[in-house]
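Biologist: I'd like to go through this one together, step by step. Could you walk me through what the model shows?

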Amino acid sequence: MTGSKILEVESLSKKYKTVQALHDITFSLEEGDIFAFLGPNGAGKTTTLRILLDIIKADTGSIKWKLNGYSGKVPNPALMGYLPEERGLYTDLPVIRSLVYLASIRGMKPTEAHHAAMEWLEKLELADRAKEKLQNLSKGNQQKVQFIASIIHKPAFAILDEPFSGLDPLNQEKFIAYIQELNQQGSTILLSSHQMPLVEKIARKVFLINNGQEVYNGHLSDIYKKYGQHHTLIVSFDSEPPIGQLKESGIIESIEIEESNRLRLTFAQGVALNQIMEKLSCLENLHTVKSENANLHDIFVSLVQNQKAN
Ligand code: ATP
């Protein structure tokens with residue numbers, strides 16, 4: 001796979017009546033990428049994806065697609081796969097009929113579509129439910145069918161909005177493997193999620209977004225090198241944690257309350273462990289201290305807090 005740019009997005013902004021959903025968002029994807037939009041609820045992920053798909057219009061900014069010989073401002077539907085955040089399938093049709101119908105409008109012959117649909121249903125342990133109405137399936141199983149519908153035609157570019165939503169941990173892991181498989185077979189993937197630990201396992205590039213603004217845009221490996229040098233400790237106390245005293249120590253970047261007497265403390269980059277231990281050992285009600293490796297969640301929280309402070 002080459003690394004040519006197939007999508008270039010520049011300075012997208014979008015305001016709904018009172019909410020500035022996107023501020024000046026710029027990013028690009030290369031062929032073969034697994035690129036993840038990551039951010040909390042309301043960050044602007046779905047808005048971005050809907051603009052890319054030309055479902056809604058941006059107020060300002062530009063989009064350039066250059067995919068498999070096609071170029072334009074709007075995507076070529078024949079090359080796209082889209083898993084929407086909200087369920088979009090016909091709930092009173094048998095699962096297999098929906099899948100064959102949707103695959104056929106994306107150019108697959110009925111027999112080929114039927115074969116591919118059954119293969120995917122087998123894989124996702126739903127073959128025995130093929131003739132049932134979609135509405136009879138559980139939320140997670142409906143998500144599986146929706147996923148199959150979006151990628152059955154092996155799209156050159158798949159946009160997956162919250163693909164792990166409604167799935168149990170075992171199925172989330174399976175989806176990670178399917179998305180990787182799809183990518184290895186030639187699909188470029190743009191996904192959105194608020195589940196950082198899952199995205200960490202799969203994405204090569206990430207766009208961290210908060211309140212419609214870029215927090216980070218780049219390779220996942222680089223984000224750890226650049227920002228992952230913080231110490232994070234899970235600290236338990238015998239009684240109410242002395243949050244005020246911790247804040248006054250001047251070395252803590254973020255404090256999150258995990259449980260009533262347990263905190264997750266992230267220390268500023270460059271603060272040495274012995275300096276941290278010295279401060280903690282002064283606290284009277286300290287119970288236990290456990291070290292944690294830096295992860296995307298910690299990095300995100302600390303970047304957002306820094307952004308607020310600046
Ligand atoms: P989630 O993870 O909860 O799906 P998101 O990152 O996808 O969130 P968006 O759905 O893009 O976020 O929403 C961004 C902001 O725009 C939010 O504040 C949301 O309330 C607002 N918003 C989204 N759609 C509309 C709309 N149609 N009208 C008004 N405000 C909207």
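Modeller: Sure, and let's fix one term up front: a residue is near a molecule if one of its heavy atoms lies within 4 Å of it. Also keep in mind that this is a predicted model.

Biologist: Okay, how many residues surround the ligand?

Modeller: Take the residues that pass that 4 Å cut-off. The closest are Gly 42, Lys 45, Thr 46, Thr 47 and Glu 85. The full count around the ligand is 13 residues.

Biologist: And how many of the shell residues are charged?

Modeller: Let's sort the shell by type. There are 5 nonpolar and 5 polar residues in the shell. The charged ones number 3.

Biologist: Which helix gives the largest share of the shell around the ligand?

Modeller: Look for the element that supplies 3 residues of the shell, since that is the largest share. The element covers residues 45-52. That's helix 1.

Biologist: How far is the side chain of Glu 85 from an oxygen atom of the ligand?

Modeller: Let's go through some contacts with ligand oxygen atoms. Gly 44 uses a backbone N or O atom, 2.9 Å from a ligand oxygen. Lys 45 brings a polar side-chain atom to 2.8 Å from a ligand oxygen. For Glu 85, an N or O atom of the side chain lies from a ligand oxygen at a distance of 2.6 Å.

Biologist: What percentage of the ligand's accessible area does the protein cover?

Modeller: Start with the ligand on its own, which has 640 Å² of accessible area. The share of that area covered by the protein is 64%.

Biologist: Let's zoom out. How far apart are the centres of domain 1 and domain 2?

Modeller: The domain assignment puts domain 1 at 5-225 and domain 2 at 229-293. Taking the centres over C-alpha atoms, the separation is 38 Å.

Biologist: Now salt bridges: how many residues apart are Asp 33 and Lys 205?

Modeller: The structure holds 13 salt bridges, and one of them joins the side chains of Asp 33 and Lys 205 at 2.9 Å, N to O. Asp 33 sits in the loop between strand 2 (20-30) and strand 3 (34-38), while Lys 205 is in strand 9 (residues 205-210). Both Asp 33 and Lys 205 are buried. Along the chain, this pair is separated by 172 residues.

Biologist: Why does the salt bridge of Glu 86 and Arg 50 tie together parts that are apart in sequence?

Modeller: The closest N and O atoms of Glu 86 and Arg 50 are 3.2 Å apart. Glu 86 is partly exposed at 42% relative accessible area, and Arg 50 is partly exposed too, at 24%. The pair ties such parts together because Glu 86 lies in the loop between strand 6 (80-83) and helix 2 (95-105), whereas Arg 50 is in helix 1. The gap in sequence is 36 residues.

Biologist: Is Lys 225 buried or exposed?

Modeller: Lys 225 forms a salt bridge with Asp 222, at 3.7 Å between the closest N and O atoms. Both lie in helix 7 (residues 220-227), about one turn of the helix apart. Asp 222 has 33% relative accessibility and counts as partly exposed. Lys 225 has a relative accessible area of 59%, and the cut-off is over 50%, so Lys 225 is exposed.

Biologist: Last one: how far apart in space are Asp 92 and Leu 29?

Modeller: Asp 92 is in the loop between strand 6 and helix 2. In sequence, Asp 92 and Leu 29 are 63 residues apart. In space, C-alpha to C-alpha, the distance is 37 Å.

Conventions:
Residues numbered from 1 in each chain as written. Predicted model: local features only at pLDDT ≥ 70, side-chain atom pairs only at ≥ 80, totals over all residues. Heavy atoms only, no water. Polar contact = N/O pair within 3.5 Å; in protein donor to acceptor, adjacent residues only side chain to side chain. Areas by Shrake-Rupley, 256 points an atom, 1.4 Å probe, with all protein chains shown as cover. Helix = DSSP H or I, 4+ residues; strand = E, 2+ residues; numbered from the N terminus. Nonpolar A, V, L, I, M, F, W, Y, C, P; charged D, E, K, R; others polar. Domains from an automatic or database assignment. Salt bridge = Lys/Arg side-chain N within 4 Å of Asp/Glu carboxyl O. Buried < 20%, exposed > 50% of the residue type's maximum accessible area, 1.4 Å probe, protein only.
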